[in-house]
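Here is a short report on one protein chain. Look at the sequence and the structure first, then read on.

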Amino acid sequence: MGDAFIRHIELLGYEKRFFPSQHYVYMFLVKWNDLSEKVVYRRFTEIYEFHKALKEMFPIESGDINIENRIIPHLPAPKWFDGQRSTQNRQGTLAEYCYTLVNLPHKISRCLHVVNFFKVRHDDMNPVTDSQIKKPEVFLLPKDSKKNLTDITGPIVLQTYRAIADYEKSSTSEMALKAGDMVDVVEKSENGWWFCQLKNKRGWVPAAYLEPLDGPDESEEQEPNYAGEAYVVQKSYTAVEEDELTLKEGDTIEVIHKLLDGWWVIRKDETTGYYPSMYLQQAGEVNTSAKSELRNRGAPPRRSTIRNVKSIHKQGRKQISQETYRRNSKKYIQNQRKMRGNSQSKANVIIEKNEPEDNKPKAQPAVPPRPSKDLILNRCTESTWRKIL
């Protein structure tokens, strides 16, 4: 009989385990060419390391040489803290990944790296447990979801961006870039730090250093909202550039434009300017330890401060000037005041018009004249006209 290879991989669900510490493992039903079926358990970090090694083995098919030649599917990098929510939401992506992996050319799908990774291990048959710890909790995929995997989350298609300048990382969680590097964006955070992967590296990168390949304009970027959303400053910041604002912790402001690079245009009274979004929190929103920890990081750099920018696009991104923000914001405030003033004046006019009418004495109803005898005799009943005769 020939070498073993995998016919099909089906994601069954995941397990929540509590030994040696709480963690999550995915359950896969692996169907082999000898018609045997085995269940294996793998952590997502293991799967991602397997994925990275596979890409290194097949650089052409992974798109490292030419992105157009990529056939190996994308897989998002693990989060720093994987919880049950991210484990559950990732199931659709993993199921699609396994389906695509098995259907790749045989030199990839039947290579030893793939075969060995999905072989049954000792801990698959006898997982390490402790009688003093809770038993694992099993979460199976619904049957309907297996038929239509797009109903779960659908495959994640990572966007490729290009670095416009060199970036030197300032912490171990960041990733250094060279101008022209092509990175896959795994997560876009509204604070302006994006989680990216480049070959076998991954880390946080300032969004200001990246540009999309298809054009300079960001389709995800919202339009300005001059009505404003109420936010509270959670961390003080002193303005460095002229178009930035200096605010203190506890100040209440209004956000009028949320930008992807993490520098939002805000309004304080009638003054507008840029402020780091990571230091703001929506009014009424509960503060969390994760948000507090995030604010200990520095604000991402702004694109206007980046030197030696080398864009592949002839036309730069459309930017709104601070004067336009100020003018439109002031115009909106004035219109609101004018509308409130008009409504108030209309109410006063109505009161003034009604007031004289209220003071006038009400007219008494007119008493009709008494009918004549002839009219009574002609129109009334016999009992009525007898009384008047």
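## A residue at the surface

M182 is partly exposed, with a relative accessible area of 37%. Buried would require under 20%, and exposed would require over 50%, so M182 falls in between. Keep in mind that this is a predicted model.

Where does M182 sit in the secondary structure? M182 belongs to strand β6, which covers residues 182-188. M182 also helps to make a nonpolar surface patch, together with L213 and I312. The area of this patch is about 240 Å².

## The chain as a whole

The protein chain has 389 residues, and 38% of them are buried. Its secondary structure consists of 11 helices and 14 strands.

The accessible surface of the chain is about 23900 Å². Carbon and sulfur atoms hold 50% of that surface. Now take the contacts between residues with a separation of 6 or more. Of these, 62% join residues that are 24 or more positions apart.

## The nonpolar cores

The largest nonpolar core holds 74 residues. Which residues have the most contacts inside this core? They are F28, L54, F118, L210, I266 and L280. Helix α3, residues 91-102, gives the largest share of the core, with six residues.

There is also a second core, separate from that one. This second core has five residues, among them V25, M27, L29 and Y41.

## Salt bridges: R42 and D124

How many salt bridges does the structure hold? The count is 14. One of them joins the side chains of R42 and D124, at 3.1 Å from N to O. This pair links distant parts of the chain. R42 lies in strand β3 (residues 37-42), while D124 lies in helix α6 (residues 122-125). The two are 82 residues apart.

Are R42 and D124 buried or exposed? R42 has a relative accessibility of 0%, so R42 counts as buried. D124 has 7%, and D124 counts as buried too.

## Salt bridges: D184 and R70

Strand β6 comes up again here. D184 lies in this strand, and its side chain meets that of R70 in a salt bridge of 3.5 Å, N to O. R70 sits in the loop between α1 (44-57) and α2 (84-89). The pair therefore ties together parts that are 114 residues apart in sequence.

D184 is buried, with a relative accessible area of 8%. R70, at 14%, counts as buried because the cut-off is under 20%.

## Salt bridges: D243, E244 and R302

The side chains of D243 and R302 meet in a salt bridge at 2.8 Å, N to O. Both residues lie in loops. D243 is in the loop between β10 (229-233) and β11 (252-257), and R302 is in the loop between α8 (289-294) and α9 (322-359). So the pair ties together parts that are 59 residues apart in sequence.

D243 is partly exposed, with a relative accessible area of 24%. R302 is buried, with 8%. Which residues form a network of salt bridges with D243? E244 and R302 are linked with D243 in that network.

Notes. Residues numbered from 1 in each chain as written. Predicted model: local features only at pLDDT ≥ 70, side-chain atom pairs only at ≥ 80, totals over all residues. Heavy atoms only, no water. Core = buried A, V, L, I, M, F, W, Y, C linked by side-chain atoms within 4.5 Å. Buried < 20%, exposed > 50% of the residue type's maximum accessible area, 1.4 Å probe, protein only. Helix = DSSP H or I, 4+ residues; strand = E, 2+ residues; numbered from the N terminus. Patch = residues over 30% accessible without salt bridge, like charges linked within 9 Å, V, L, I, M, F, W, Y side chains within 5 Å. Areas by Shrake-Rupley, 256 points an atom, 1.4 Å probe, with all protein chains shown as cover. Salt bridge = Lys/Arg side-chain N within 4 Å of Asp/Glu carboxyl O. Contact = heavy atoms within 4.5 Å.
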